[in-house]
Structures are given as structure tokens and as C-alpha cells.
Amino acid sequence: MDIGKRNDDYKYYEGYDGEKEIIISLPDIAYHFWDGYFEDIFGNPQSTENGWIGFTRDYNEFINAFEDECIECAVEAEEYLKDLTLYQNQSFSYNETTDVLNCLITIMTTAKEKHTCVLVRVN
């Protein structure tokens, strides 16, 4: 029996060993993403009427999980979900980027609905 054991999903990091990795963790699973997908999504930043929020802000301003000294950062699912939806219907350079975006939306939606903590770490 695996009580308390967390699963890891490497689907969007396979083949990129040794390259920058973004890990997003919920209590029972951690998702591993290649940084190139994040660059593909957030490298052409979208903003709200109040400016950048969520991953867009963090990624482009090198803050929270994306700053050099950060080990791991808890994020607020609702804010990050709002940010992610700004990128729906965008075209991307990599075929998998839309799948990554949808996965991130699912992660944040699940966390919001279950009121669970989301942790982000960059390796």
C-alpha cells in the first residue's frame, strides 16, 4: 500500500534531461515540464487590465519560483488559472505546448476546486 506516496508525471519533460525543469506539485502528484514550453507560452506575455499576473509575471520578472534563490514557492491557483486562460487559442512554436497549457489549466482548476496547495519549483 502506498499511503502518502506522491506520483510524478514526466510526460512534458521526457527527452529534456539536464535542461531547465519546472515542477508543479499538488499533494498527490508532481508534474515536470521542460522550460521551453513555458518560454513558448509566457515568452510573448499577455496581460490583464492590471498588468501581468501569475506565471506571466513570475516568468518574465524572474520572481517567486523563477528567481535564482528560490527553492519552492506556493502559488494561488485562482490567479494563475486566470493568467493561463489568457493564452487559450494562441498559436505556439511547439506542437505539445497547447497540451502543456491545457495540463496547467487542469492543475490549477483542480487545486482551486479542492482548495489544495500548489507548489512551483524550478530546477
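## Contacts and overall build

In this predicted model, take the contacts between residues with a separation of 6 or more: 59% of them come from residues 24 or more positions apart. Ile24 and Val122 give one example of sequence distance against spatial distance, with their positions 98 residues apart in sequence and 8.9 Å between their C-alpha atoms.

As for the parts list, the chain has 4 helices and 5 strands. Walk along the sequence and you meet them in the pattern β-β-β-α-α-β-α-α-β. The radius of gyration is 14 Å, close to the 14 Å that the globule rule gives for 123 residues, so the chain is as compact as a globular protein of that length. If you'd rather think in boxes, the C-alpha atoms fill one of roughly 50 × 35 × 30 Å along the principal axes.

## Inside and outside

How much of the chain is buried? Of the 123 residues, 43% are buried. On the outside, the accessible surface comes to about 7,100 Å², and carbon and sulfur atoms own 43% of that surface.

Ile24 is a handy place to look at the interior. This residue sits in strand β2, which covers residues 21–25. Its relative accessibility is 0%, so Ile24 counts as buried. Leaving aside residues up to four places away in sequence, Ile24 touches a long list of residues, including Phe33, Phe38, Phe55, Leu104, Ile107, Met108, Val118, Leu119 and Val120. Two of those names, Phe33 and Phe38, come back in the next section.

## Aromatic pairs

There are 17 aromatic pairs in the model. Take Tyr12 and Phe33: their ring centres are 6.0 Å apart and their planes meet at 5°, so this pair is stacked. Tyr12 belongs to strand β1 (residues 7–12) and Phe33 to strand β3 (residues 29–34), so the pair ties together parts that are 21 residues apart in sequence. Both Tyr12 and Phe33 are buried.

Phe38 and Phe66 make a tilted pair, with 6.3 Å from centre to centre and 45° between the planes. This pair links distant parts of the chain, 28 residues apart: Phe38 is in helix α1 (residues 35–42), while Phe66 is in the loop between α2 (54–61) and β4 (73–75). Why does Phe38 count as buried? Its relative accessibility is 0%, and the cut-off for buried is under 20%. Phe66 is buried too, with a relative accessible area of 6%.

## Salt bridges

Now for the charged side chains: the model has 3 salt bridges. Arg57 takes part in a bridge with Asp58, at 3.0 Å from N to O, and in another with Glu79, where the closest N and O atoms are 2.5 Å apart. The Arg57–Glu79 pair links distant parts of the chain, going from helix α2 to helix α3 (residues 77–85), 22 residues apart. Through shared partners, Arg57, Asp58 and Glu79 are joined into one network.

How do the members of that network sit relative to the surface? Asp58 is buried, with a relative accessible area of 2%. Arg57, at 18%, also counts as buried, whereas Glu79, at 23%, counts as partly exposed; the dividing value here is 20%.

Another bridge joins Arg121 and Glu72, whose closest N and O atoms are 3.4 Å apart. Arg121 is in strand β5 (residues 118–122) and Glu72 is in the loop between α2 and β4, so to speak a link between distant parts of the chain, 49 residues apart. Both ends have some exposure: Arg121 is partly exposed at 23% relative accessibility, and Glu72 is partly exposed at 36%.

## A buried charge without a bridge

Which residue is buried yet has no salt bridge? That's Asp83, found in helix α3. The nearest side chain of opposite charge is Arg57, and it is 7.9 Å away. Since a salt bridge needs the nitrogen and oxygen within 4 Å, Asp83 and Arg57 don't make one.

So what does Asp83 touch? Not counting residues up to four places away in sequence, its contacts are Phe42, Ile53, Gly54, Phe55 and Thr56. Phe55 turns up in the contact list of Ile24 as well.

Definitions and conventions:
Residues numbered from 1 in each chain as written. Predicted model: local features only at pLDDT ≥ 70, side-chain atom pairs only at ≥ 80, totals over all residues. Heavy atoms only, no water. Phe/Tyr/Trp six-rings, centres within 6.5 Å; stacked < 30°, edge-to-face > 60°. Helix = DSSP H or I, 4+ residues; strand = E, 2+ residues; numbered from the N terminus. Buried < 20%, exposed > 50% of the residue type's maximum accessible area, 1.4 Å probe, protein only. Rg over C-alpha atoms; globule rule 2.2 N^0.38 Å. Contact = heavy atoms within 4.5 Å. Areas by Shrake-Rupley, 256 points an atom, 1.4 Å probe, with all protein chains shown as cover. Lys, Arg positive; Asp, Glu negative; His and termini not counted.
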